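Got the model open on your screen? Let's poke around inside it together, one question at a time.

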Amino acid sequence: MNELVSVIVPVFNVEKFVGNCIDSILGQTYTNFELILIDDGSTDLSGVICDDYAKKDNRISVIHQKNKGLSETRNVGIRESKGAYIQFVDSDDWISKDALSSALRDIKKYDADILCFRALYVYADKIRHTKKVNYRVKVLNREEALSVLYFPQLVDVITWNKFMKREVLEGIIYPKGRLYEDMYTTYKIIANADRIVCVSDEYYYYRKNPESIGNRKFSSKTYELSNAAKECFDYCNLVPGTDKNALKVGLWKWQIVVANIMAKSNENDATYIKRTQKDIDILEVMQCRHLPIINKIQMLIFKYNYSVYQFLYMQYFSTRRM
(Lines give C-alpha, C1' and ligand atoms only; values in the text may rest on other atoms or scores of the structure.)
Protein backbone atom coordinates (compact mmCIF):
# COMPACT_ATOMS: atom_id res chain seq x y z
CA MET A 1 0.00 0.00 0.00
CA ASN A 2 2.19 2.80 -1.28
CA GLU A 3 -0.01 4.37 -3.96
CA LEU A 4 -0.23 8.14 -4.07
CA VAL A 5 -3.53 9.47 -2.74
CA SER A 6 -4.74 12.92 -3.81
CA VAL A 7 -6.70 14.80 -1.17
CA ILE A 8 -8.53 17.73 -2.74
CA VAL A 9 -9.82 20.54 -0.51
CA PRO A 10 -11.82 23.43 -2.02
CA VAL A 11 -11.33 26.47 0.22
CA PHE A 12 -13.55 29.54 0.47
CA ASN A 13 -13.77 31.93 3.44
CA VAL A 14 -13.21 29.36 6.18
CA GLU A 15 -10.36 30.96 8.12
CA LYS A 16 -11.80 29.65 11.41
CA PHE A 17 -11.85 26.03 10.28
CA VAL A 18 -9.37 25.40 7.47
CA GLY A 19 -6.40 24.92 9.81
CA ASN A 20 -8.17 22.12 11.63
CA CYS A 21 -9.03 20.50 8.31
CA ILE A 22 -5.43 20.65 7.07
CA ASP A 23 -4.04 19.39 10.40
CA SER A 24 -6.29 16.33 10.22
CA ILE A 25 -4.92 15.49 6.78
CA LEU A 26 -1.28 16.10 7.68
CA GLY A 27 -1.79 13.88 10.74
CA GLN A 28 -2.77 10.82 8.70
CA THR A 29 -1.18 7.49 9.52
CA TYR A 30 -0.90 6.97 5.75
CA THR A 31 1.69 9.46 4.56
CA ASN A 32 1.99 9.03 0.78
CA PHE A 33 -0.49 11.69 -0.26
CA GLU A 34 -0.60 15.03 -1.98
CA LEU A 35 -2.82 17.71 -0.50
CA ILE A 36 -4.25 20.13 -3.05
CA LEU A 37 -5.73 23.26 -1.47
CA ILE A 38 -7.73 25.37 -3.92
CA ASP A 39 -8.41 28.88 -2.67
CA ASP A 40 -11.54 29.86 -4.57
CA GLY A 41 -11.17 33.63 -4.27
CA SER A 42 -11.41 33.83 -0.49
CA THR A 43 -11.78 37.34 0.91
CA ASP A 44 -10.64 36.41 4.42
CA LEU A 45 -7.32 34.89 5.56
CA SER A 46 -8.04 31.40 4.23
CA GLY A 47 -5.60 31.72 1.32
CA VAL A 48 -2.84 33.03 3.57
CA ILE A 49 -3.32 30.14 5.98
CA CYS A 50 -3.05 27.67 3.10
CA ASP A 51 0.19 29.28 1.92
CA ASP A 52 1.65 29.13 5.43
CA TYR A 53 0.98 25.40 5.63
CA ALA A 54 2.48 24.82 2.18
CA LYS A 55 5.76 26.40 3.32
CA LYS A 56 6.03 23.73 6.04
CA ASP A 57 5.12 20.58 4.10
CA ASN A 58 6.12 19.80 0.51
CA ARG A 59 3.13 17.48 0.07
CA ILE A 60 0.91 20.56 -0.05
CA SER A 61 0.21 22.56 -3.18
CA VAL A 62 -1.96 25.68 -3.16
CA ILE A 63 -3.91 27.02 -6.11
CA HIS A 64 -5.33 30.54 -5.91
CA GLN A 65 -8.08 31.43 -8.35
CA LYS A 66 -10.87 33.94 -8.83
CA ASN A 67 -14.12 32.71 -7.33
CA LYS A 68 -15.60 30.04 -9.60
CA GLY A 69 -17.78 28.07 -7.20
CA LEU A 70 -17.51 24.58 -5.76
CA SER A 71 -18.09 22.68 -8.99
CA GLU A 72 -15.32 24.32 -10.99
CA THR A 73 -13.01 24.18 -7.96
CA ARG A 74 -13.46 20.42 -7.79
CA ASN A 75 -12.86 20.18 -11.53
CA VAL A 76 -9.56 22.06 -11.09
CA GLY A 77 -8.58 19.69 -8.29
CA ILE A 78 -9.25 16.63 -10.42
CA ARG A 79 -7.23 18.05 -13.32
CA GLU A 80 -4.26 18.97 -11.12
CA SER A 81 -4.19 15.77 -9.05
CA LYS A 82 -1.75 12.94 -9.74
CA GLY A 83 -2.84 10.24 -7.30
CA ALA A 84 -4.12 6.77 -8.07
CA TYR A 85 -6.90 7.47 -5.57
CA ILE A 86 -8.84 10.67 -4.84
CA GLN A 87 -10.55 11.91 -1.69
CA PHE A 88 -12.44 15.20 -1.44
CA VAL A 89 -12.64 16.95 1.94
CA ASP A 90 -14.67 20.11 2.57
CA SER A 91 -12.53 22.79 4.16
CA ASP A 92 -14.70 23.27 7.25
CA ASP A 93 -14.69 19.52 8.00
CA TRP A 94 -11.97 17.08 9.03
CA ILE A 95 -11.10 13.37 8.86
CA SER A 96 -9.95 10.83 11.43
CA LYS A 97 -6.22 10.06 11.52
CA ASP A 98 -6.64 6.60 9.97
CA ALA A 99 -9.13 7.63 7.29
CA LEU A 100 -6.80 7.26 4.31
CA SER A 101 -5.07 4.09 5.51
CA SER A 102 -8.38 2.38 6.35
CA ALA A 103 -10.04 3.46 3.11
CA LEU A 104 -7.10 2.32 1.00
CA ARG A 105 -6.91 -1.00 2.86
CA ASP A 106 -10.60 -1.78 2.34
CA ILE A 107 -10.89 -0.58 -1.25
CA LYS A 108 -8.02 -2.92 -2.14
CA LYS A 109 -9.22 -5.77 0.06
CA TYR A 110 -12.61 -5.83 -1.65
CA ASP A 111 -11.21 -4.99 -5.10
CA ALA A 112 -13.54 -1.99 -5.36
CA ASP A 113 -13.47 1.15 -7.48
CA ILE A 114 -15.22 3.31 -4.88
CA LEU A 115 -15.37 3.04 -1.09
CA CYS A 116 -18.25 4.77 0.73
CA PHE A 117 -17.87 5.49 4.44
CA ARG A 118 -19.95 7.17 7.11
CA ALA A 119 -19.60 10.40 9.06
CA LEU A 120 -19.99 11.96 12.47
CA TYR A 121 -22.03 15.17 12.50
CA VAL A 122 -20.49 18.10 14.35
CA TYR A 123 -22.85 20.58 16.00
CA ALA A 124 -21.92 23.64 18.03
CA ASP A 125 -22.28 21.75 21.30
CA LYS A 126 -21.76 18.08 20.45
CA ILE A 127 -20.70 15.43 17.97
CA ARG A 128 -23.44 13.04 16.92
CA HIS A 129 -23.10 9.58 15.39
CA THR A 130 -25.19 8.76 12.35
CA LYS A 131 -27.90 6.14 12.57
CA LYS A 132 -26.68 2.61 13.19
CA VAL A 133 -26.64 0.29 10.21
CA ASN A 134 -26.88 -3.48 10.10
CA TYR A 135 -23.64 -4.07 8.22
CA ARG A 136 -19.90 -3.69 8.69
CA VAL A 137 -19.14 -4.12 4.99
CA LYS A 138 -21.50 -4.31 2.02
CA VAL A 139 -20.20 -4.87 -1.50
CA LEU A 140 -22.40 -3.69 -4.37
CA ASN A 141 -22.23 -3.85 -8.13
CA ARG A 142 -22.96 -0.81 -10.28
CA GLU A 143 -26.68 -1.50 -10.58
CA GLU A 144 -27.13 -2.09 -6.85
CA ALA A 145 -25.23 1.10 -6.01
CA LEU A 146 -27.26 3.23 -8.42
CA SER A 147 -30.43 1.79 -6.87
CA VAL A 148 -29.55 3.02 -3.36
CA LEU A 149 -27.90 6.28 -4.37
CA TYR A 150 -30.70 8.34 -2.81
CA PHE A 151 -30.35 6.71 0.61
CA PRO A 152 -27.71 7.91 3.13
CA GLN A 153 -27.43 4.52 4.87
CA LEU A 154 -25.34 3.20 1.96
CA VAL A 155 -23.98 5.06 -1.07
CA ASP A 156 -25.57 8.55 -0.81
CA VAL A 157 -25.35 11.35 -3.36
CA ILE A 158 -22.65 13.33 -1.54
CA THR A 159 -19.06 13.54 -2.77
CA TRP A 160 -17.04 13.69 0.44
CA ASN A 161 -17.97 10.23 1.76
CA LYS A 162 -16.28 8.50 -1.19
CA PHE A 163 -12.69 7.30 -1.59
CA MET A 164 -12.29 6.70 -5.33
CA LYS A 165 -9.98 5.22 -7.89
CA ARG A 166 -8.87 7.91 -10.27
CA GLU A 167 -10.40 6.05 -13.22
CA VAL A 168 -14.00 6.58 -12.08
CA LEU A 169 -13.54 10.35 -12.35
CA GLU A 170 -12.39 10.23 -15.97
CA GLY A 171 -14.74 12.30 -18.08
CA ILE A 172 -16.52 13.67 -15.00
CA ILE A 173 -17.17 17.39 -14.90
CA TYR A 174 -19.04 18.96 -12.01
CA PRO A 175 -21.67 21.36 -13.47
CA LYS A 176 -20.40 24.91 -13.32
CA GLY A 177 -22.65 27.43 -11.62
CA ARG A 178 -25.30 24.96 -10.46
CA LEU A 179 -26.49 24.26 -6.95
CA TYR A 180 -26.71 20.67 -5.70
CA GLU A 181 -23.73 19.72 -7.85
CA ASP A 182 -23.34 16.37 -6.06
CA MET A 183 -26.81 15.22 -7.13
CA TYR A 184 -26.03 16.14 -10.73
CA THR A 185 -22.70 14.28 -10.70
CA THR A 186 -22.46 11.34 -8.29
CA TYR A 187 -24.60 9.00 -10.38
CA LYS A 188 -22.16 9.50 -13.28
CA ILE A 189 -19.24 8.54 -11.03
CA ILE A 190 -21.05 5.42 -9.81
CA ALA A 191 -21.84 4.52 -13.43
CA ASN A 192 -18.08 4.49 -14.13
CA ALA A 193 -17.49 1.89 -11.40
CA ASP A 194 -17.90 -1.88 -11.45
CA ARG A 195 -17.68 -2.54 -7.72
CA ILE A 196 -18.57 -0.30 -4.77
CA VAL A 197 -17.88 -1.18 -1.15
CA CYS A 198 -19.77 0.48 1.72
CA VAL A 199 -18.30 0.35 5.22
CA SER A 200 -19.90 1.38 8.50
CA ASP A 201 -16.75 3.15 9.74
CA GLU A 202 -17.11 6.84 10.52
CA TYR A 203 -14.00 8.46 9.03
CA TYR A 204 -15.36 11.91 8.40
CA TYR A 205 -16.36 14.79 10.70
CA TYR A 206 -19.03 16.84 8.97
CA ARG A 207 -19.62 20.28 10.42
CA LYS A 208 -23.29 21.23 10.29
CA ASN A 209 -23.63 24.75 8.98
CA PRO A 210 -26.38 27.13 7.86
CA GLU A 211 -25.62 26.49 4.18
CA SER A 212 -26.35 22.77 4.27
CA ILE A 213 -29.29 21.71 2.08
CA GLY A 214 -31.81 21.36 4.91
CA ASN A 215 -31.00 24.81 6.29
CA ARG A 216 -31.08 26.81 3.08
CA LYS A 217 -33.76 29.43 2.55
CA PHE A 218 -36.27 28.65 -0.14
CA SER A 219 -35.87 30.49 -3.44
CA SER A 220 -36.52 29.77 -7.10
CA LYS A 221 -33.10 28.08 -7.16
CA THR A 222 -34.33 25.46 -4.69
CA TYR A 223 -36.22 23.76 -7.51
CA GLU A 224 -32.82 22.83 -8.91
CA LEU A 225 -32.61 20.14 -6.23
CA SER A 226 -35.76 18.53 -7.57
CA ASN A 227 -34.45 18.88 -11.12
CA ALA A 228 -31.16 17.26 -10.18
CA ALA A 229 -32.93 14.39 -8.43
CA LYS A 230 -35.10 13.88 -11.52
CA GLU A 231 -32.06 13.86 -13.83
CA CYS A 232 -30.44 11.25 -11.60
CA PHE A 233 -33.64 9.19 -11.60
CA ASP A 234 -34.07 9.37 -15.36
CA TYR A 235 -30.59 7.96 -15.89
CA CYS A 236 -30.65 5.27 -13.22
CA ASN A 237 -34.16 4.11 -14.13
CA LEU A 238 -32.99 3.25 -17.65
CA VAL A 239 -30.09 1.10 -16.41
CA PRO A 240 -31.06 -2.59 -16.64
CA GLY A 241 -31.03 -4.31 -13.26
CA THR A 242 -31.62 -1.28 -11.05
CA ASP A 243 -34.29 -1.38 -8.34
CA LYS A 244 -37.08 0.70 -9.87
CA ASN A 245 -39.04 0.80 -6.60
CA ALA A 246 -36.08 2.18 -4.66
CA LEU A 247 -35.41 4.79 -7.33
CA LYS A 248 -39.01 6.04 -7.37
CA VAL A 249 -39.19 6.25 -3.57
CA GLY A 250 -35.79 7.96 -3.48
CA LEU A 251 -36.95 10.55 -5.99
CA TRP A 252 -40.07 11.28 -3.93
CA LYS A 253 -37.89 11.56 -0.84
CA TRP A 254 -35.81 14.32 -2.40
CA GLN A 255 -38.86 16.06 -3.82
CA ILE A 256 -40.18 16.22 -0.25
CA VAL A 257 -36.85 17.72 0.85
CA VAL A 258 -37.66 20.66 -1.44
CA ALA A 259 -41.06 20.96 0.30
CA ASN A 260 -39.25 20.85 3.66
CA ILE A 261 -37.16 23.84 2.64
CA MET A 262 -40.39 25.59 1.69
CA ALA A 263 -41.87 24.75 5.09
CA LYS A 264 -38.90 26.18 6.96
CA SER A 265 -39.11 29.37 4.94
CA ASN A 266 -42.92 29.52 5.16
CA GLU A 267 -43.02 29.69 1.34
CA ASN A 268 -45.35 26.94 0.14
CA ASP A 269 -45.82 26.32 -3.58
CA ALA A 270 -49.23 24.64 -3.65
CA THR A 271 -48.81 23.44 -7.24
CA TYR A 272 -45.49 21.75 -6.48
CA ILE A 273 -46.82 20.16 -3.29
CA LYS A 274 -49.97 18.82 -4.95
CA ARG A 275 -47.97 17.40 -7.85
CA THR A 276 -45.59 15.65 -5.46
CA GLN A 277 -48.50 14.29 -3.40
CA LYS A 278 -50.05 12.91 -6.58
CA ASP A 279 -46.80 11.23 -7.64
CA ILE A 280 -46.30 9.35 -4.37
CA ASP A 281 -47.58 5.78 -4.33
CA ILE A 282 -47.90 4.70 -0.68
CA LEU A 283 -47.86 0.98 -1.51
CA GLU A 284 -44.49 1.42 -3.20
CA VAL A 285 -43.27 3.49 -0.27
CA MET A 286 -44.19 0.72 2.18
CA GLN A 287 -42.47 -1.88 0.00
CA CYS A 288 -39.19 0.03 -0.12
CA ARG A 289 -36.69 -1.82 2.09
CA HIS A 290 -34.19 1.04 2.11
CA LEU A 291 -36.47 3.67 3.68
CA PRO A 292 -36.66 3.73 7.51
CA ILE A 293 -40.14 3.39 9.01
CA ILE A 294 -40.11 6.95 10.37
CA ASN A 295 -39.57 8.27 6.83
CA LYS A 296 -42.38 6.05 5.53
CA ILE A 297 -44.67 7.62 8.11
CA GLN A 298 -43.52 11.09 7.00
CA MET A 299 -44.34 10.26 3.38
CA LEU A 300 -47.74 8.88 4.36
CA ILE A 301 -48.65 12.08 6.20
CA PHE A 302 -47.25 14.25 3.40
CA LYS A 303 -49.31 12.36 0.83
CA TYR A 304 -52.67 12.84 2.53
CA ASN A 305 -52.45 16.01 4.62
CA TYR A 306 -49.75 18.55 3.92
CA SER A 307 -50.94 20.96 6.65
CA VAL A 308 -50.51 18.28 9.31
CA TYR A 309 -47.19 17.26 7.74
CA GLN A 310 -45.90 20.84 7.81
CA PHE A 311 -46.81 21.21 11.49
CA LEU A 312 -45.20 17.88 12.45
CA TYR A 313 -42.16 18.60 10.32
CA MET A 314 -41.47 21.90 12.07
CA GLN A 315 -42.09 20.36 15.49
CA TYR A 316 -40.44 16.95 15.20
CA PHE A 317 -39.01 15.99 11.81
CA SER A 318 -36.85 18.98 10.87
CA THR A 319 -33.76 17.70 12.72
CA ARG A 320 -33.92 14.31 10.97
CA ARG A 321 -32.43 13.62 7.58
CA MET A 322 -34.75 11.81 5.19
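Q: Leaving aside its neighbours within four places in sequence, which residues is histidine 290 in contact with?
A: Keep in mind that we're looking at a predicted model. Skip the neighbours within four places in sequence, and histidine 290's contacts are Val148, Phe151, Gln153, Asp243 and Ala246.

Q: Where is histidine 290 found, and is histidine 290 buried or exposed?
A: Follow the chain past α10 (282–287) and stop before α11 (293–304): histidine 290 is in the loop between them. The cut-off for buried is under 20% relative accessible area. Histidine 290 has 14%, so this loop residue counts as buried.

Q: Which residues have the most contacts inside the largest nonpolar core?
A: Start with the core itself, which has 67 residues. Helix α8 (residues 244–265) gives the most to this core, with 13 residues. The residues with the most contacts inside the core are Ile114, Tyr150, Val155 and Leu169.

Q: Leaving aside its neighbours within four places in sequence, what is tyrosine 150 in contact with?
A: Tyr150 is one of the residues with the most contacts inside the largest core, so its list is worth a look. Once the neighbours within four places are set aside, tyrosine 150 is in contact with Val157, Met183, Ala229, Cys232, Phe233, Leu247, Gly250, Leu251, Lys253 and Trp254.

Q: How many residues does the other core have?
A: This one lies apart from the largest core. Among its residues are Val9, Leu104, Tyr121 and Tyr203. The number for this other core is 38 residues.

Q: Why is the pair of tyrosine 85 and phenylalanine 163 given the name it has?
A: The two ring centres are 5.4 Å apart, and the ring planes are at 15°. Planes under 30 degrees apart count as stacked. With its 15°, then, the pair of tyrosine 85 and phenylalanine 163 is stacked.

Q: How many residues apart are tyrosine 85 and phenylalanine 163?
A: Tyrosine 85 is in strand β4 (residues 85–88), while phenylalanine 163 is in strand β9 (residues 162–165). Tyrosine 85 is buried, at 7% relative accessible area, and phenylalanine 163 is buried too, at 0%. The pair links distant parts of the chain, 78 residues apart.

Q: What kind of pair do phenylalanine 218 and tyrosine 223 make?
A: Their ring centres are 5.5 Å apart, and their planes are at 85°. Phenylalanine 218 is buried, with 18% relative accessible area, whereas tyrosine 223 is partly exposed, with 24%. Planes over 60 degrees apart count as edge-to-face. Since the angle here is 85°, the pair is edge-to-face.

Q: Which residues do ring pairs link into a cluster?
A: The model has 14 aromatic pairs. One residue to look for is tyrosine 206 in strand β10 (residues 195–207), which is buried at 13% relative accessible area. The cluster linked by ring pairs is Tyr121, Trp160, Tyr204 and Tyr206.

Q: Which ring does the charged end of arginine 128 sit over?
A: Rings can have a charge over them as well, and arginine 74 lies over the face of phenylalanine 88, at 5.7 Å from the ring centre. For arginine 128, the distance to the ring centre is 4.6 Å. The ring under its charged end belongs to tyrosine 123.

Q: What is the volume of the largest cavity?
A: The structure holds 1 cavity of 30 Å³ or more. Its lining is made by Gln87, Ile95, Ala99, Leu100, Ala103, Phe117, Phe163 and Tyr203. Helix α4 (residues 99–109) gives the most to that lining, with 3 residues. The volume comes to about 40 Å³.

Q: What is the phi of aspartate 156?
A: Most residues other than glycine have a negative phi. Aspartate 156, in the loop between α5 (142–147) and β9, is buried at 3% relative accessible area. Although it is not a glycine, aspartate 156 has a positive phi of about 75°.

Q: What is the phi of tyrosine 180?
A: Look in the loop between β9 and α6 (181–191) to find tyrosine 180. Tyrosine 180 counts as buried, at 6% relative accessibility. Its phi is positive, although tyrosine 180 is not a glycine, at about 60°.

Technical notes: Residues numbered from 1 in each chain as written. Predicted model: local features only at pLDDT ≥ 70, side-chain atom pairs only at ≥ 80, totals over all residues. Heavy atoms only, no water. Core = buried A, V, L, I, M, F, W, Y, C linked by side-chain atoms within 4.5 Å. Buried < 20%, exposed > 50% of the residue type's maximum accessible area, 1.4 Å probe, protein only. Helix = DSSP H or I, 4+ residues; strand = E, 2+ residues; numbered from the N terminus. Contact = heavy atoms within 4.5 Å. Phe/Tyr/Trp six-rings, centres within 6.5 Å; stacked < 30°, edge-to-face > 60°. Lys NZ or Arg CZ within 6 Å of the ring centre and 35° of its normal. 1 Å grid on protein atoms, 1.4 Å probe; cavity = no way out; pocket = protein on both sides within 12 Å on 5 of 7 lines; lining within 4 Å. Points joined across faces, edges and corners; volume = space filled by probe spheres on them.
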